[in-house]
Protein chains: 2
Amino acid sequence: MKRTIYTIASELGLSPGTISKVINRTGNVSEETRERVLAHIKEVGYVPVTSARMLKSKRSYTIGVVFSEDLHIGLEHPFFSSILQHFKNYVENEGYELSFIVSKLGNNRMSYYEWCMNKKVDGVYIVVGDYGDEGLYELAKKHIPCVSTDILIPGIHSIISDNIMGIQVSLDHLYHTNRLKSVGLIAGPQQSKAFFERYEAFKAYHAEHQLPIRPEHVVFAESFGFTSGYQAALKLIENPLPEGLLVGSDDIALGVLKAFKDKGIRIPQDIQIIGYDDIAFAKHFTPALTTVKQDRELIATTAAKKLLQLINNPNIKVEEVIRIPVELVLRDTTR
Amino acid sequence: MKRTIYTIASELGLSPGTISKVINRTGNVSEETRERVLAHIKEVGYVPVTSARMLKSKRSYTIGVVFSEDLHIGLEHPFFSSILQHFKNYVENEGYELSFIVSKLGNNRMSYYEWCMNKKVDGVYIVVGDYGDEGLYELAKKHIPCVSTDILIPGIHSIISDNIMGIQVSLDHLYHTNRLKSVGLIAGPQQSKAFFERYEAFKAYHAEHQLPIRPEHVVFAESFGFTSGYQAALKLIENPLPEGLLVGSDDIALGVLKAFKDKGIRIPQDIQIIGYDDIAFAKHFTPALTTVKQDRELIATTAAKKLLQLINNPNIKVEEVIRIPVELVLRDTTR
DNA sequence: CTGTTAGCGCGTTCAT
DNA sequence: ATGAACGCGCTAACAG
């Protein structure tokens, strides 16, 4: 049987308004009727129709997810999909659902903001965003609760791994512990804030410790993924190699490893390598990749908590960037 | 400025009803006014509020996605996430959005069907489902447009890779082309229809060609993923190995490869291996994995087309199982 | 061909 | 503490 607050009201000899009040914990209802209603609702399995609530109340208990496709990172990406999964778990547990924000829907084009208004989402989570994307800045200006991970937009709260720490720990290990003389970098595409920060941290470390950086030891991968890493490694090989190498992300690093293997360069004998992310596959590869582990679950849940907090206290104005500490995981590509 | 059909109607000196008609391509509107309205709508960036449409029309232009977590396959899974991505692309292009069906939302529990009613989704796509999940069968009984991939539920249209063909091609290659004497199988968990079918096909092939199967040459992986494959391989190694080996899926196969490598078993000299799926990583692994390539994009778009067709013609009653042909990709784990 | 109007199911005053 | 009634923005049926 199809139920509305009307039917269940009449079943209980009450009025629709009262039912609404107990559902939304609003207004005054006697403890007794409250429990009676709750019990009945649970028994018959009544659930309020979302669209009607949304229409009336301007809330949706839905969080819009920006997963930009411009960067050609798909749901397949091991890092972002994992973060999204953890985020999803957390917010669902708190009663929120996820809905992908899409700007091109059939023939309609709308900005993220328009989409949010239209869908009345309670908040927005930017998992994958492109700095070239105007829509993100528009979102930041409007007062809609919004968090991002891995990308830094002025006006938006961000949770991002401590890239400076990651690079520092890596370089300390290579220069100090393992006493290498030179360390190169295969940097990821610089549109990504994370990659950008890692590159900056790399330079800053060398400046601070008065260590030289040979220009031919720094190569930029064209894009994300294995193939970009492979290409970048080929380019690096054109010149004498450094003794150690940092790579912007694991998926790129695996391509680098493969290229070296194909070219007969031994790891870690000829060159020691450290990746970034600790994707699931890093430890399964041969040789197993030494890498900077990002706590994806912590990043995701921190983002989720922050967003829910923002949703419930829209008066928080101070933008915040939360850094999540990282950890160096030693495996077979370093000594 | 906030707009509704009323405001734009008055801006154009028309009535709300007319606006609605042109938006929904329903009823009779003169070509002239139609274009006038469309132009104005585009100019001011008006988009109908979804919740109001839904409330009234029983449609949502949303497709519910079942991505069961019981199987511990997350968004991270390379095969399923890829399929979902392709599906998403296709339906978004047709004007539909995706929303994850979640059965446990905060304190509320509802069945898939209840959720669908509540959200008024136009159809359901089952990407990852568990045969033990009652909710799936309930869904099949009700008349809600529904398709699945990789899982076969009576009453639900399915798009599934041609597993019989995949196994046949693999075994032909090993037994016939490469003249092996014995081929084993590391089967995936049998709750998955795909894995079940591959196992059945494996047996059927041997029966048909009057080839023996040694029981110790068949091992069942406990679960999905690299680690399960590694474990299964260890178990296989306890007895004399077959000359060839089929593995239920690539992610499992990569674990198998690693185990063999660790145990000093050479591939393909000591044993030839064929995986299943052709995940992105298969060709990057060393040795590159020979595998049965599933056309993930074709599977996904076929599913999407089928579902949209079902949504638009609810009178189609005949359940259909569409088999998507596969292709053997020869790489370095076979000769 | 265009306009009018009655709900869709719910949340929220304002009375009682 | 409970109820009545209005309206959120839209669609569809009907009237003109």
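Start in chain B: select B:Asp278, in the loop between β11 and β12. This is a predicted model, and here B:Asp278 has a positive phi of about 60 degrees, although this residue is not a glycine. Switch on a surface if you like. Is B:Asp278 buried or exposed? With a relative accessibility of 12%, B:Asp278 counts as buried, because the cut-off for that is under 20%.

Stay in that part of chain B and pick B:Pro287, which sits in the loop between β11 (272-277) and β12 (290-293). Look at the peptide bond leading into B:Pro287 from B:Thr286: that bond is cis, with omega near 0 degrees.

Now hop over to chain A and select A:Ile267 and A:Pro268. A cis peptide bond joins these two, with omega at about 5 degrees. To place A:Pro268, find α11 (250-262) and β11 (272-277) of chain A and look in the loop between them.

Next, go to A:Tyr61. You'll find this tyrosine in the loop between α4 (50-57) and β1 (62-67) of chain A. A:Tyr61 is not a glycine, yet has a positive phi of about 50 degrees. Its relative accessibility is 35%, so A:Tyr61 counts as partly exposed.

Then select residues 3-57 of chain A, where UniProt, in an unreviewed entry, places the feature "domain: HTH lacI-type". Color by secondary structure: this stretch is 71% helix and 0% strand. If you click on the C-alpha atoms at its two ends, they are 20 Å apart.

Time to zoom out and show both chains. A turn of 180 degrees, plus a shift of 0.1 Å along the axis, lays chain A on chain B with an RMSD of 0.3 Å. The two copies are therefore related as by a two-fold rotation axis. Which residue of chain A has its C-alpha nearest the axis? Select A:Ser51: its C-alpha is 2.3 Å away from the axis. Both copies use the same surface, and 98% of chain A's contact residues recur in chain B.

Last stop: the second largest pocket, with a volume of about 1,500 Å³. Its lining has 44 residues, and the ones closest to the centre are A:Glu76, A:His77, A:Pro78, B:Glu76 and B:Pro78. Now highlight α5 (78-93) and α10 (226-237) in both chains, along with β12 (290-294) of chain A; each supplies at least two lining residues. The top contributor is α5(A), with four residues. Color the lining by residue class and you get 14 nonpolar, 19 polar and 11 charged residues.

Key:
Residues are numbered from 1 along each chain as its sequence is written. Chains are lettered from A and ligands numbered from 1 in the order in which they are written. This is a predicted model: local features need pLDDT of at least 70, side-chain atom pairs count only at pLDDT 80 or more; totals for chains, interfaces and linings use all residues. Side-chain values use heavy atoms; hydrogens and water are left out. On a 1 Å grid over the protein atoms alone, a cavity is a set of points where a 1.4 Å probe fits but cannot get out, and a pocket is an open set with protein on both sides within 12 Å along at least five of seven lines; lining residues have an atom within 4 Å of a point. Grid points are joined across faces, edges and corners, and a volume is the space filled by probe spheres set on the points. Ala, Val, Leu, Ile, Met, Phe, Trp, Tyr, Cys and Pro count as nonpolar, Asp, Glu, Lys and Arg as charged, and the others, Gly among them, as polar. Copies are superposed by least squares on the C-alpha atoms of residues with pLDDT of at least 70 in both. Contact means heavy atoms within 4.5 Å. UniProt positions are given in the numbering used here, feature names are shortened, and annotations may be inferred rather than shown by experiment. Buried means under 20% relative accessible area, exposed over 50%, partly exposed in between (1.4 Å probe, protein chains only).
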